[in-house]
Amino acid sequence: MIGLSCAVRLLEAGLAVTVRCADATEDTVSATAAAVWYPSGFPAGDARSLIWARAGFDQLARDAVHGAPGVTMRRTRMLLRRPAPAPWWVPAVPDFRLVEHTGQQPGVAQEWQFTVPTVEMRPYLRWLVQRVSSGGGVLERRPVNTLDDLDTPVVVNASGLGARTLAADDAVHPIRGQIVLVSNPGIETSVRDENHPAGPAYVHPRSTDIVLGGTVEPHRYDTTPDPGVTAAILERCRALVPELAHARVLGQAAGLRPGRAGGIRLEVAPGTRPGTHVVHNYGHGGAGVTLAWGCADETARIVESL
Ligand SMILES: Cc1cc2nc3c(=O)[nH]c(=O)nc-3n(C[C@H](O)[C@H](O)[C@H](O)COP(=O)(O)OP(=O)(O)OC[C@H]3O[C@@H](n4cnc5c(N)ncnc54)[C@H](O)[C@@H]3O)c2cc1C
């Protein structure tokens, strides 16, 4: 998601672009993402996060209006067990509402209601690949062993978890997330309970199924879904949305979010050959879909300024 969104922006700027990737698009964590606009795990205080989050919202909302494959706007209810101030990202979301609960739902003190873009990643990523190739970009499935091997004036390093090796960055680490896919009995609203004592619970309807989650497991590399975790996710989500009681399980998956201690690295560094540059854009954790377009805008601005 990060690399392809950058490639689209660089092509729009009139630059020649080659995308190198080690994995098939459908085998990336981007293809596993839930993937709703929500800047999970990014605290207030980083001014750039709001710029990226807003740009991400606006681009995906435009994609929804223009019928981009897999993108829709979806009503969301975020249930809070304790009252909390409105989150830092509110300026990015036009219809945000904070609703106080007075006993109507046990255990819920407050609710945030808002409408955000939701993306079905497989069709969306395929569409981005098409946009890159129809815009004149070259796509090559071939791993990069070292950034020094790339004979080009500017490299954009959007290698996600791969940046741990490629950029020798020990701050990069996996944050494992497991999800369960079930049939949709007619649910249209996303519901989230991020502070469930047994782990986050979320219910994200899509066109033909629902994504149920989830887990947040830092430093765990294993992508084999754990059946015990699947059962626990189902239990939490069915308690959250009782209409799911008879929804059929269609699948389960686990992906590794590209976490980074210290947050996203988006900056330019000198390349090893004289006059060359590397623009690093990685470490988006659980919010890569949310922030991708904002980070791609900034990447393109940096590249154009070099
Ligand atoms: C269960 C789950 C739910 C999620 N839900 C959401 C959500 O609701 N909203 C949201 O915003 N985000 C969500 N995310 C997070 C999101 O998936 C990530 O932040 C995002 O996909 C990261 O994108 P990326 O392009 O950096 O990484 P990736 O998708 O991993 O892509 C990295 C690319 O770099 C390539 N690469 C790596 N090393 C090399 C190398 N040496 N040579 C060549 N190529 C290389 C790979 O082949 C790949 O193509 C979720 C993640 C999970 C696991």
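## A first look around this predicted model

Not counting residues up to four places away in sequence, Tyr-202 touches Ala-34, Ile-179, Val-191, Arg-192, Val-211, Leu-212, Gly-213, Gly-214, Cys-237 and Arg-257, where contact means heavy atoms within 4.5 Å. This is a predicted model, in which local features need pLDDT of at least 70 and side-chain atom pairs count only at pLDDT 80 or more, while totals for chains, interfaces and linings use all residues. Residues are numbered from 1 along each chain as its sequence is written, and side-chain values use heavy atoms, with hydrogens and water left out.

Let us stay with Tyr-202 for a moment. Tyr-202 belongs to strand β9 (residues 201-205); helices (H or I, at least four residues) and strands (E, at least two) are DSSP runs, numbered from the N terminus. Is Tyr-202 buried or exposed? With 10% relative accessibility, Tyr-202 counts as buried; buried means under 20% relative accessible area, exposed over 50%, and partly exposed in between (1.4 Å probe, protein chains only). Its contact partner Cys-237 is also buried, at 0% relative accessibility. Gly-103 lies 99 residues from Tyr-202 in sequence and 21 Å away in space, C-alpha to C-alpha.

Two more of the contacts of Tyr-202, Ala-34 and Gly-214, lead to the backbone. The peptide bond from Ala-34 to Ala-35 is cis, with omega near -10°, and Ala-35 sits in the loop between α2 and α3. A cis peptide bond also runs from Gly-213 to Gly-214, with omega near -5°; Gly-214 is in the loop between β10 (210-213) and β11 (217-218). Most residues other than glycine have a negative phi, and most peptide bonds are trans. Positive phi values turn up in two residues that are not glycine, tabulated here.

| Residue | Phi | Place | Relative accessible area |
|---|---|---|---|
| Ala-168 | near 45° | loop between α5 (163-166) and β7 | 64%, exposed |
| His-219 | near 65° | loop between β11 and α6 (227-240) | 58%, exposed |

Next come the aromatic rings. A search of the whole structure finds ten aromatic pairs; rings of Phe, Tyr and Trp (its six-membered ring) pair if their centres lie within 6.5 Å, and planes under 30 degrees apart count as stacked, over 60 as edge-to-face and the rest as tilted. One pair is Tyr-38 with Trp-89, which is edge-to-face because the ring centres are 5.3 Å apart and the planes stand at 65°. Tyr-38 lies in the loop between α2 and α3 and Trp-89 in the loop between β2 (71-80) and β3 (97-100), so this pair ties together parts that are 51 residues apart in sequence. Trp-89 also forms an edge-to-face pair with Phe-114, at 5.2 Å centre to centre and 75° between the planes. That second pair links distant parts of the chain, 25 residues apart, with Phe-114 in strand β4 (residues 110-119). Tyr-38 and Trp-89 are both buried, and Phe-114 is buried as well. These three rings belong to one aromatic cluster, formed by Trp-37, Tyr-38, Phe-57, Trp-89, Phe-96, Trp-112 and Phe-114.

Now for two helices. Helix α1 (residues 2-12) has nine of its eleven residues buried, so it is largely enclosed by the rest of the structure. Among the buried residues of α1 are Ile-2, Leu-4 and Cys-6. Just after α1, Gly-14 takes a positive phi of about 85°. In helix α3 (residues 47-65) we find Ser-49, buried at a relative accessible area of 1%. Leaving aside neighbours within four places in sequence, Ser-49 is in contact with Phe-42, Trp-88 and Leu-291.

How many disulfides does a search of the whole structure find? The search finds zero disulfides, a disulfide being a pair of cysteine sulfur atoms within 2.5 Å. For Cys-6, the nearest cysteine sulfur is that of Cys-295, 7.7 Å away.

Finally, there is a pocket to visit. The second largest pocket is lined by 15 residues, and Ala-31, Thr-32, Arg-122, Leu-181 and Arg-206 lie nearest its centre. Here a pocket, on a 1 Å grid over the protein atoms alone, is an open set of points where a 1.4 Å probe fits, with protein on both sides within 12 Å along at least five of seven lines; lining residues have an atom within 4 Å of a point. The elements giving two or more residues to this lining are α2 (29-32), α4 (121-134) and β7 (172-182). The largest share, three residues, comes from α4.
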